[in-house]
Amino acid sequence: MEELQQNLIPGAGFYQKHLGFEWGPGDLIVYETNYKLQGPRSAGSPSVHIVRRDEDICSPILRKLFSESHLIFVGLQKIKEDVPSKNKKSQFVSISKNYRSVIRACMEELQQNAVSTQSGSLASQYGDQVSILLAIELIWNLCEVLFIDAAPAGSLLLQLLDWVRLHKSDVDAKAREVLQSDSPAQHQSYWDVVISLVLQGRTDEARQVLSKQASLRAESSSVFKRMDGLLQTMPIFNPTGTQTLTEFEVKWRHWHEECDRCLQDNTFASNRHLETICKILVGDEDTLLEQKELLSTWYHFLVTRLLFTHPTIKPPDLHYYAQSSMNMFLGPRASPEPLDIILLSAFEFDLHQVIKDCSIALNNWWFVAHLTDLLDHCKLLQSHNLHFGSNLREFLVLEYASGLFTHHSLWQLAVDYFDHCPEFGRVYLELQIERVPLDTERKAIKVLRICEDRQMSEQVRSICKIMAKRALRNNRLGSALSWTIRAKDAAFATLISERFLQDYSNKGSFTDLDLLDNLGPAMLLSDSLTFLGKYREFHRLYGEKRFSEAARLLLSLMTAKIAPRSLWMTLLTDALPLLEQKEVIFSVDQTYELMSCLEELNSGTKHSNLTDQDEDIESTKTELLRLALARNLTMAIVKEGTIET
Amino acid sequence: MFVAKSIAADHKDLIHDVSYDFHGRRMATCSSDQSVKVWDKGDDGEWHCTASWKTHSGSVWRVTWAHPEFGQVLASCSFDRTAAVWEEIVGESNDKQRGQSHWIKRTTLVDSRTSVTDVKFAPKHMGLMLTTCSADGVVRIYEAPDVMNLSQWSLQHEISCKLSCSCISWNPSSSRAHPPMIAVGSDDSNITYSGKVQIYEYNENTRKYAKAETLMTVTDPVHDITFAPNLGRSFHVLAIATKDVRIFKLIPMRRESANSSGPTKFEVQVMAQFDSHNSQVWRVSWNITSTLLASSGDDGCVRLWKANYMDNWKCTGILRGDGSPVNGSGHAAALSAVGVPVAAQMVVGAASAGRYFFPHLDSPRAGSRLAHLLPPPSLIEQIYEPDLSHAPQIRQRHTANSTNQPTEHD
């Protein structure tokens, strides 16, 4: 759909003949290389060139266009299917107008910037963008009149007139200049202004300007009065009134004949300007073509021509006049330019061609994507049911949204566009969103939320895993653990839990207490994590002096085989202070269980690689524990055997 | 398109490969100077070289990043018959201040007896797996069973392809309906009749890779091969760089339940074929969503291919060197923001003005005529210089000579 473009890479192709490349997000890297390796060794230092595909995405002013049109787009998608189509049409027209006003606002801002900037290249860049937006707005407006509003005969011409007036607004500036001058009638542009106004069908304004002249020339005042009369009586169709189209046609023909009669009578022979105006009023094509300068475009010529020859033109007849007007205006030798062809296709009601040509001619997908989407909602596109993009609309919206994804913040807008592409939107989003750089935790959470909202479980897992891995690399265990829990990655949870315990055995205290204390059901993710959570709970209970609860928990960690064997000695050592309390904490049964744990541990494999010193410490620990357990057992037996009185 | 930036890579010899990491914030370059460099994109958008080290004792052909789920891990392969895995470790604080990072070699894979021509990580859903292929015609699949210990890699599979291998590509589909699949390309020019692209598929029952398909229509040397992202489709799309660019569609055929242990059979269709590079095509690669395919060929151009919504493919962009020497390349890792506007660099005059067909207005003003529009696309002629520099049979890069290593540069 895009136009073929060639680009030169400066400094490449001198030493080596091949270009290597690599895709990146939104850009392409190219470098000089040689795949055959039979040339000379590389002379000079090779460069890597980063080629960007779309610079519009980066423009801060166009950014507004993207973000504001996004809101309109989302609003449009929400229009319910069940609203009767009659009511919808006005909604669609107003949405179309909203889009255009966003374009206009953007254009104005660009223009102001172009004027105020000091940099010449920047000014010309703004200027380029303005001309592109102007063309876009022109095409969009015409599509609105012809397709979305689908004005019937009568109103059609009025709307086309508005279209021409809006896009040929320099008449107003010139009129103001003339009227504000010392003697408007003597101004060199005076007649240009009058004729321009007539050409746009603005008869009242034309009369106003004409009156300046009439008051000066008393001798020819009757002629001016006559012209004033003709302009005043020119019938204009009123679509909201009660007048029928036939009534209007009769009235108009009557007026037309009167103009013709004036011409036959040589009424205006004394004033060539008035004569010209009168010829325009009767729709004389040669006279109209003489006004090329003032009309400036073939489509202005077309609308003026219709105004004075076929004011009740019906939509299907439009294409004939459009084609002939273009040929007449441009002449036989001139070849029409893309914009002309696009407008002509619109006048021919060939929507598909309009969209196709626009995608080729324009430098971004914004326009075609939004226009096509709107036209599709108006049910104006025949479906092109093909597996590569369910239809034209989806194809274009996907292209546009993919482009947004290359921008560091606009990608968030793209999510909504993908959401409204039923066929491939989700897959595209999955592929794109996992590539969003997770620069900060905040950004990661933002991306994560989008994935979670859409039940994209694989992407959720992957993002959490990446963050967990990164946190672990940087030794931020708490962060690593919480990301792992979100990723539901059991193996990694085990690994991090072990790191926590290792850390504990080195430092004698836990870090990230907030997280560990609030693991809740998440601790069930892996056995190690369960142990970590429970073990930390033991420490908390102990700290809160809830000794019997702490004791019960500690014992259960061993008996329920939650604690890895390697840590039993640590756990038993943790039991020591509880055994040494004045109060009896471990009951008889519990003490027996502790004892069997200790014996089980000692009967197990002896560590052969322990040094003598280490072995000494181990056996001393065991002895101490045995002693403490035995003493506790006596106290417990005594306590339990005593009947409280 | 426009050249936003040119970075002096500061390699002492040819660059063979540049590889972006998964998020596009880092890139790795490798070169005939036997080194790999890692570049990081700063917050200012500039690229800085944060590591540069000698990786091999021969030209480094390819460098590739593991998925970030596995950390910061690179793999490289070389003419020195080895592939290597590198991991970035969090360095000392003064390293960070100097903007440098440390990469350490986790393993060297020495199983190949000839030049290792390609190295690729398998899709992440398969775990941390690395694949190499070599000039002696063997594809090797390694696995790191413990993702926390990258110094242990076990050779899981050896696939003998019988032809000198030049490139491999994993099918990225993670769908349960698609068993792991790898495509292997061969640039063997001694055997002219056989198919140069083989597709191997993992069989759950035998726990082995078995050949599922040979693309018999591709008989010329294949230099690069790449699967497109699956996009949830039932079929697979494979792009191949051979004497032209070819895009194949592989449609798995319905299995007969009795014979379910055999490999999947495919219906192979050619989706597109472009010979505009005029001769050998060396690289092909898809963008993220596979809406664009890029290819590089003997005509010195990178061409971009795009399918429209009707599945019609066409060339939408051409990049080529301007043939001028680089100036001021002496600055080490100097970053020069060029920002050359596209319109200033057009090749074939007005015809290539591309999408920039709107003139810029001297004084932008509403209502002014938008003149000088481009002629319609059919009028644009592509201009090719006939490339006469390549002789019909040139000695291939990877000679199947296992005992005496040929010199790298003829």
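**Figure 1. Hairpin of strand 24 and strand 25 in chain B of the predicted model.** Five residues lie between the two strands of this hairpin, and B:Asp311 takes a positive phi near 70°. Strand 25 comprises residues 313–321 of chain B and runs antiparallel to strand 24, to which seven bridges join it. Within this pairing, B:Trp305 stands opposite B:Cys315 of strand 25.

**Figure 2. Hairpin of strand 23 and strand 24 in chain B.** Three residues separate the strands here, and B:Gly300, located in the turn, has a positive phi of about 80°. Strand 23 of chain B spans residues 292–297; five bridges connect it to strand 24 in an antiparallel arrangement. B:Leu292 is found opposite B:Lys306 of strand 24.

**Figure 3. Burial of strand 24 in chain B.** Strand 24 covers residues 301–307 of chain B, and seven of its seven residues are buried, so the strand is largely enclosed by the rest of the structure. B:Cys301, B:Arg303, B:Trp305 and B:Ala307 point one way from the strand, whereas B:Val302, B:Leu304 and B:Lys306 point the other way. Both sets of residues are buried, B:Arg303 and B:Lys306 included.

**Figure 4. Spans of chain B annotated as WD repeats.** An unreviewed UniProt entry carries the annotation "repeat: WD" for residues 8–40 and 274–306 of chain B. In the model, residues 8–40 of chain B are 0% helix and 58% strand, with end C-alpha atoms 14 Å apart. Residues 274–306 of chain B are likewise 0% helix and 58% strand, and the end C-alpha atoms of this span lie 12 Å apart.

**Figure 5. Chain B as the setting of these strands.** Chain B contains one helix and 26 strands. Of its 410 residues, 58% count as buried. Among contacts in chain B with a separation of 6 or more, 48% are between residues 24 or more positions apart. The chain exposes about 16500 Å², of which carbon and sulfur atoms supply 49%.

**Figure 6. Helix 29 of chain A and its surroundings.** Helix 29 consists of 16 residues, 588–603 of chain A. From its first C-alpha to its last, helix 29 reaches 22 Å, close to the 22 Å expected at 1.5 Å a residue. The buried residues of helix 29 are A:Val588, A:Gln590, A:Thr591, A:Leu594, A:Cys597, A:Leu598, A:Leu601 and A:Asn602. Their cover includes helix 27 (547–559), helix 28 (568–580) and helix 30 (612–641) of chain A.

Terms used
Residues are numbered from 1 along each chain as its sequence is written. Chains are lettered from A and ligands numbered from 1 in the order in which they are written. This is a predicted model: local features need pLDDT of at least 70, side-chain atom pairs count only at pLDDT 80 or more; totals for chains, interfaces and linings use all residues. Side-chain values use heavy atoms; hydrogens and water are left out. Buried means under 20% relative accessible area, exposed over 50%, partly exposed in between (1.4 Å probe, protein chains only). Helices (H or I, at least four residues) and strands (E, at least two) are DSSP runs, numbered from the N terminus. Two strands pair if DSSP finds at least two bridges between them. UniProt positions are given in the numbering used here, feature names are shortened, and annotations may be inferred rather than shown by experiment. Contact means heavy atoms within 4.5 Å. Accessible areas come from the Shrake-Rupley method with a 1.4 Å probe; for residues, only the protein chains shown count as cover. The expected span of a helix is 1.5 Å times one less than its number of residues.
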